[in-house]
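Student: Could you take me through one helix of this structure up close? I'd like to see how its sides differ and what lies around it.

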Amino acid sequence: MRAIVAFDSIYGNTRKVAETIVVELIANRHKATLVSVRERQDVPDADILFIGSPTRLGRMTGRTRRFITRMDEEAWKGTTVVPFDTFIRSPDQLAMIPLMGMNTKGAAPRLAEMLRSKGMDVKEPLRVGVEGRKGPLATDYKKIVKTYLNSIL
Ligand SMILES: Cc1cc2nc3c(=O)[nH]c(=O)nc-3n(C[C@H](O)[C@H](O)[C@H](O)COP(=O)(O)O)c2cc1C
């Protein structure tokens with residue numbers, strides 16, 4: 001299977017999740033390419049697409065949104081896609097972020113909605129917690145990614 005793992009990341013945590021997905025896919029003998037939405041806007045051909053963003057004020061980043069908006073809807077219709085994000089799991093930490101009245105749904109559930117509206121076959125979101133406002137990732141993040149991939153591959 002050929003996979004594209006597209007991501008945005010500000011502090012590097014979502015990048016690490018994306019890199020872990022790539023490593024795990026390759027370990028399972030799939031082809032996987034990492035694509036930063038900061039560096040390229042096109043989406044190379046693939047059988048499965050992973051798209052990830054940090055959760056910022058309950059949403060995905062603008063760059064991630066634009067990356068999806070530019071995708072050719074007709075070409076990608078029916079393709080399997082996995083939305084993923086990083087977010088703060090701890091309610092105490094989350095309370096420290098001024099959410100400005102925005103709903104705290106998170107990047108991956110919003111990605112799922114957006115991709116579904118494009119007619120893609122959207123899997124359950126993969127969500128990985130961070131310990132603080134800028135990270136680091138939860139210590140068990142590799143296990144979370146592995147368990148998730150085992151459940152869908
Ligand atoms: C301005 C700002 C807003 C944030 N908003 C949220 C939020 O609404 N919900 C949440 O769970 N985490 C929030 N976070 C924590 C981010 O999810 C965390 O920085 C992100 O997972 C780090 O990913 P990155 O290293 O790939 O940028 C916020 C962080 C910042 C700096």
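Tutor: Let's fix one cut-off before looking at packing: two residues are in contact if their C-beta atoms, placed from the backbone, lie within 7 Å. Keep in mind, too, that this is a predicted model.

The helix to zoom in on is H2, residues 62-69, whose buried residues are Thr64, Phe67 and Ile68. Those three cover an arc of only 95° around the axis, so they sit on the same side of H2. That fits a general rule: an α-helix has 3.6 residues a turn, so residues three or four places apart point the same way.

Now flip to the other face. Turned away from the buried side of H2 are the exposed residues Gly62, Arg66 and Thr69.

What do the buried residues of H2 pack against? Their partners are strand E1 (2-7), strand E3 (48-54) and helix H5 (107-117).

Moving on from H2, have a look at the ligand's surroundings. Its shell has 23 residues, and the closest are Tyr11, Asn13, Thr14, Pro54 and Thr86. Two elements give two or more residues to that shell: helix H1 (13-27) and strand E4 (80-88). By character, the shell splits into ten nonpolar, nine polar and four charged residues.

Thr86 also leads into the strands, since you'll find Thr86 opposite Val128 in E6. E4 and E6 run parallel to each other, paired over five bridges. As for E6 itself (residues 126-130), four of its five residues are buried, leaving the strand mostly covered.

Technical notes:
Residues numbered from 1 in each chain as written. Predicted model: local features only at pLDDT ≥ 70, side-chain atom pairs only at ≥ 80, totals over all residues. Near = placed C-beta within 6 Å. Nonpolar A, V, L, I, M, F, W, Y, C, P; charged D, E, K, R; others polar. Buried ≥ 20, exposed ≤ 12 C-beta atoms within 10 Å, placed from the backbone. Pairing = 2+ DSSP bridges. Arc of directions from axis to C-beta.
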